[in-house]
Amino acid sequence: CQPRVQCVINPGNPTGQVQSRKCIEEVIHFAWKERLFLMADEVYQDNVYAEGSEFHSFKKVLFEMGPKYSETVELASFHSISKGFMGECGFRGGYMEVINMDPLVQQQLTKLVSVRLCPPVTGQILLDAMVNRPQPGDPSYPQFSQEKAAVLSSLARKARLTEEIFNRAPGIHCNPVQGAMYAFPRIEMPARAVQEAQAQGQTPDMFFCLRLLEETG
């Protein structure tokens with residue numbers, strides 16, 4: 001196996017974690033050292049809830065690390081209207097920005113994109129609205145800011161509630177939900193359940209999921 005690509009989702013899916021700047025620098029250094037193409041899925045960049053957590057784009061950090069990295073590391077960044085605080089899941093629209101891509105590879109990518117169907121017009125309109133948001137001084141800015149803050153505040157409250165409920169349940173532990181829209185609980189399997197799974201020739205997690213499905217539908 002010869003890895004060629006490293007894919008990172010930040011804020012994380014399914015972990016709900018937000019990478020620190022130091023962590024991102026280490027990821028970029030690793031990609032540079034191993035000559036990996038770096039793919040950064042950043043569709044939840046507005047969804048950061050935990051105190052002390054902050055979103056850092058891979059592109060920004062890459063360029064701030066200097067020419068040694070910014071002129072050599074191949075990077076593709078992704079964003080979408082169907083995720084994040086907008087959550088327009090019924091629409092399809094997004095973009096990809098590539099940096100330092102090999103010219104021959106980029107030529108093939110351009111060819112591939114050119115022969116594909118365009119996203120719906122509504123998706124293209126929403127994407128334009130996403131990347132050209134109201135700015136201070138614009139008539140719609142106060143309403144935009146109010147609605148965005150309300151959505152993110154509601155999501156943060158639900159994230160804390162989800163974490164608290166999981167951690168109150170016996171045998172379940174959940175790390176703080178720092179961002180995105182996911183919680184990542186760990187379920188401690190009782191020893192007898194593990195033994196029963198082994199007796200049935202199943203892994204403990206498969207045994208748990210099948211029993212859950214059978215007993216709850």
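**Figure 1. Burial across the whole protein chain.** Of the 217 residues in the protein chain, 28% count as buried. The model is predicted. The protein chain exposes about 14,200 Å². Carbon and sulfur atoms supply 57% of that exposed area. Along its principal axes, the C-alpha trace spans about 55 × 50 × 40 Å. The protein chain carries 21 positive and 24 negative charges, and the mean positions of the two sets are 2 Å apart.

**Figure 2. The order of helices and strands.** The protein chain has eight helices and six strands. Read from the N terminus, the elements run β-α-β-α-α-β-β-α-α-α-β-β-α-α. Take the contacts between residues at least 6 apart in sequence: 63% of them join residues at least 24 apart.

**Figure 3. Trp32 and Tyr69, an aromatic pair.** The structure holds two aromatic pairs. One of them joins Trp32 and Tyr69. The ring centres are 5.4 Å apart, and the planes meet at 65 degrees. That pair is edge-to-face, because planes over 60 degrees apart count as edge-to-face. Trp32 sits in helix H1 (residues 21–34) and Tyr69 in helix H3 (residues 67–70). The two residues are 37 residues apart, so the pair links distant parts of the chain. Are the two partners buried or exposed? Trp32 is partly exposed, with a relative accessible area of 31%. Tyr69 has 10% relative accessibility and counts as buried, because buried means under 20%.

**Figure 4. Tyr44 and Tyr182, an edge-to-face pair between two loops.** The ring centres of Tyr44 and Tyr182 are 5.6 Å apart. Their planes stand at 90 degrees, so this pair is edge-to-face. Where do the two residues lie? Tyr44 is in the loop between strand E2 (37–41) and helix H2 (58–64). Tyr182 is in the loop between strand E5 (172–174) and strand E6 (185–187). The pair therefore ties together parts that are 138 residues apart in sequence. Tyr44 counts as buried, at 4% relative accessibility. Tyr182 counts as partly exposed, at 23%.

**Figure 5. A lysine charge over the Phe85 ring.** Lys148 places its charged end over the ring of Phe85. That charged end is 5.3 Å from the ring centre.

**Figure 6. Two cis peptide bonds in the loop between E1 and H1.** Which residues do the cis bonds join? One cis peptide bond joins Asn10 and Pro11, with omega about -10 degrees. Another joins Asn13 and Pro14, with omega about 15 degrees. Pro11 is in the loop between strand E1 (5–9) and H1. Pro14 is also found in the loop between E1 and H1.

**Figure 7. Arg35 and Asn100, with positive phi values.** Arg35 is not a glycine, yet its phi is near 55 degrees. Arg35 lies in the loop between H1 and E2. At 75% relative accessibility, Arg35 counts as exposed. Asn100 is not a glycine either, and its phi is positive, about 65 degrees. Asn100 lies in the loop between strand E4 (94–99) and H4. Its relative accessible area is 30%, and Asn100 is partly exposed.

**Figure 8. Pro103 in helix H4.** Pro103 lies in helix H4 (residues 103–114). Pro103 is exposed, with a relative accessible area of 63%. Pro103 and Val8 are 95 residues apart in sequence. In space, the two are 23 Å apart, C-alpha to C-alpha.

Technical notes:
Residues numbered from 1 in each chain as written. Predicted model: local features only at pLDDT ≥ 70, side-chain atom pairs only at ≥ 80, totals over all residues. Heavy atoms only, no water. Helix = DSSP H or I, 4+ residues; strand = E, 2+ residues; numbered from the N terminus. Buried < 20%, exposed > 50% of the residue type's maximum accessible area, 1.4 Å probe, protein only. Contact = heavy atoms within 4.5 Å. Areas by Shrake-Rupley, 256 points an atom, 1.4 Å probe, with all protein chains shown as cover. Lys, Arg positive; Asp, Glu negative; His and termini not counted. Charge placed at Lys NZ, Arg CZ, Asp CG, Glu CD. Phe/Tyr/Trp six-rings, centres within 6.5 Å; stacked < 30°, edge-to-face > 60°. Lys NZ or Arg CZ within 6 Å of the ring centre and 35° of its normal.
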